[in-house]
Amino acid sequence: MNEAALSPFDAALQHGPRPLPLFLEILTRETKGAPSRRAAALAGLAAYQAACRGAPRIMPPILHRAGRACLRDYGGAGVPVLFIPSLINPPFILDLAPERSLLRWLATQGHRVLLLDWGTPDAAERHQDISHHVTEQLVPLAQKLDVPPVLVGYCLGGTMAVAAASLMPVRGLAMMAAPWRFTGFGEAARARIAALWAAAEPVCRSMGLVPMEVLQSAFWSLDPARTIAKYEAFASMAAGSGPAKTFVALEDWANGGAPLTYAAGAQMFDFFARDLPGSGAWQMNGQTIDPRALDCPTIDFVSTTDRIVPSASAAGFAERHDLRAGHVGMIVGSSAHPQLWTPLADWISRAAGVRQAPNITRLQETPP
């Protein structure tokens with residue numbers, strides 16, 4: 001089989017939500033005294049699990065490898081633009097569907113687009129922390145390119161992109177919904193996350209991995225009401241409609257993530273506990289990782305309505321683009337084109353030193 005043909009990030013066979021017992025516990029709590037809401041959410045859950053997924057996802061070909069990680073080639077021309085997704089969720093949020101693919105659209109706008117695919121770790125890689133992913137996977141892959149790339153990091157991938165830009169020459173660095181000052185999550189959220197890790201850590205240490213269910217539990221704890229409300233809304237969507245297809249694709253993305261290595265998970269939770277990046281205590285190869293010390297063009301794309309990565313956690317670059325589209329909506333929502341895609345394309349053109357295309361092609365937009 002062609003190794004580029006099938007994505008390793010398809011959702012589990014039960015089609016989530018994962019972990020299902022916790023989802024049902026949250027549903028029971030959030031719909032207490034509201035039987036009609038509970039029935040609607042359960043109907044939405046059944047419809048999601050039964051929805052037709054169509055053919056397996058086709059992934060672009062692999063350009064370079066470094067261990068289990070690889071660069072996937074989306075084509076285009078010019079200075080390479082390397083997108084770095086989070087370790088926590090699958091990378092295909094950046095390529096969700098033909099009409100909702102930031103990467104495929106950018107490749108039509110005069111940019112050479114590449115995606116870092118982190119692959120799926122196993123327990124033998126338990127000691128690979130976030131810093132290891134940067135120094136042994138991200139940087140070596142970027143250095144295989146003919147010229148220094150523009151780095152664009154999403155969520156935790158943006159945090160890691162700062163580290164990479166501190167260790168190697170790059171043409172520019174853009175962060176999208178990326179945390180840097182982890183104190184910006186607030187004391188209450190950090191306390192919940194710490195309690196979650198305290199309960200899960202012994203089992204994760206024994207496994208050598210941090211299953212995505214542990215991470216999903218943290219996300220759900222940030223906004224449990226919305227976790228249930230979106231399934232209530234899905235129950236009333238016409239099967240096979242555009243909004244229904246988008247919901248299924250997004251939920252499959254959210255429920256289909258690979259595990260983290262134990263060390264990467266432990267370091268990420270330590271970021272929340274001690275704010276190593278934001279306090280200037282994150283070091284790599286003896287060098288402090290400081291976004292303010294970068295000598296390349298930088299920009300922070302920050303959503304002021306992000307429930308996952310609050311705007312207060314942003315790096316604080318001099319150039320910042322605020323938007324109101326949410327953590328995922330900024331990438332694939334109905335307003336993603338004007339709020340993120342076009343401004344990002346313009347900035348990449350400036351950072352890469354290329355002339356802006358006179359007519360930017362817009363894909364047909366459908367409401368999420």
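1. Start with two helices in this predicted model. Helix H2 covers residues 35-50 and helix H8 covers residues 224-235. They pack at an angle of about 75 degrees. Their axes lie 7 Å apart. Angles from 65 to 115 degrees count as roughly perpendicular, so H2 and H8 are roughly perpendicular to each other. Two packed helices are described by the angle between their axes and the distance between the axes.

2. Look next at the residues in that contact. H2 brings Arg37, Ala40, Ala41, Ala43, Gly44, Leu45, Ala47 and Tyr48. H8 answers with Ile228, Tyr231, Glu232, Phe234 and Ala235. By class, the contact of H2 with H8 has 10 nonpolar residues, 1 polar and 2 charged.

3. Now the sheet. It is open and has 8 strands. Their order is E1-E2-E4-E3-E5-E6-E11-E12, and the pairing is mixed. Strands E1 (62-66) and E12 (320-323) stand at the edges. Each has a single partner strand, so one side of each is left without a neighbour in the sheet. On average, neighbouring strands are turned by 20 degrees against each other, direction ignored. Strands of a sheet pair through backbone hydrogen bonds, either parallel or antiparallel.

4. Follow the sheet from its E1 edge. E1 and E2 run antiparallel and are joined by 4 bridges. Ile62 stands opposite Arg72 in E2. E1 and E2 form a hairpin with 2 residues between the strands. Gly67 in this hairpin takes a positive phi near 65 degrees.

5. E2 (residues 69-73) also pairs with E4 (residues 112-117). This pairing is antiparallel too, over 4 bridges. One residue pair to find here is Asp73 and its bridge partner in E4, Leu114.

6. Which strands does helix H5 touch? H5 (residues 156-167) packs on the sheet against E3 (80-84), E5 (150-154) and E6 (172-176). The direction of H5 makes about 150 degrees with that of E5. Helix H13 (residues 336-352) packs on the sheet as well. H13 touches E3, E5, E6, E11 (298-303) and E12. Its direction makes about 165 degrees with that of E6.

7. Two backbone details deserve a check. Most residues other than glycine have a negative phi, and most peptide bonds are trans. Cys155 is not a glycine, yet has a positive phi of about 55 degrees. Cys155 sits in the loop between E5 and H5. The peptide bond from Arg18 to Pro19 is cis, with omega near 0 degrees. Pro19 belongs to the segment before helix H1 (20-30).

8. Then the empty space inside. Rolling a probe the size of a water molecule over the atoms shows where empty space is left. How many cavities of 30 Å³ or more does a search of the whole structure find? The search finds 4.

9. The largest cavity has a volume of about 200 Å³. Its lining consists of 16 residues. Nearest its centre lie Ile88, Phe185, Phe219, Met268 and Phe272. Helices H7 (212-222) and H10 (262-274) each supply at least two lining residues. The largest share, 4 residues, comes from H7. What classes make up the lining of the largest cavity? There are 16 nonpolar residues, no polar ones and no charged ones.

10. The second largest cavity has a volume of about 140 Å³. It is lined by 18 residues. Leu87, Trp118, Gly119, Ala258 and Pro259 lie nearest its centre. The lining of the second largest cavity divides into 11 nonpolar, 5 polar and 2 charged residues.

Key. Residues numbered from 1 in each chain as written. Predicted model: local features only at pLDDT ≥ 70, side-chain atom pairs only at ≥ 80, totals over all residues. Heavy atoms only, no water. Pairing = 2+ DSSP bridges. Axes fitted to C-alpha atoms, helices over the stretch in contact; angles between N-to-C directions. Contact = heavy atoms within 4.5 Å. Parallel < 35°, antiparallel > 145°, perpendicular 65-115°, else oblique. Nonpolar A, V, L, I, M, F, W, Y, C, P; charged D, E, K, R; others polar. 1 Å grid on protein atoms, 1.4 Å probe; cavity = no way out; pocket = protein on both sides within 12 Å on 5 of 7 lines; lining within 4 Å. Points joined across faces, edges and corners; volume = space filled by probe spheres on them.
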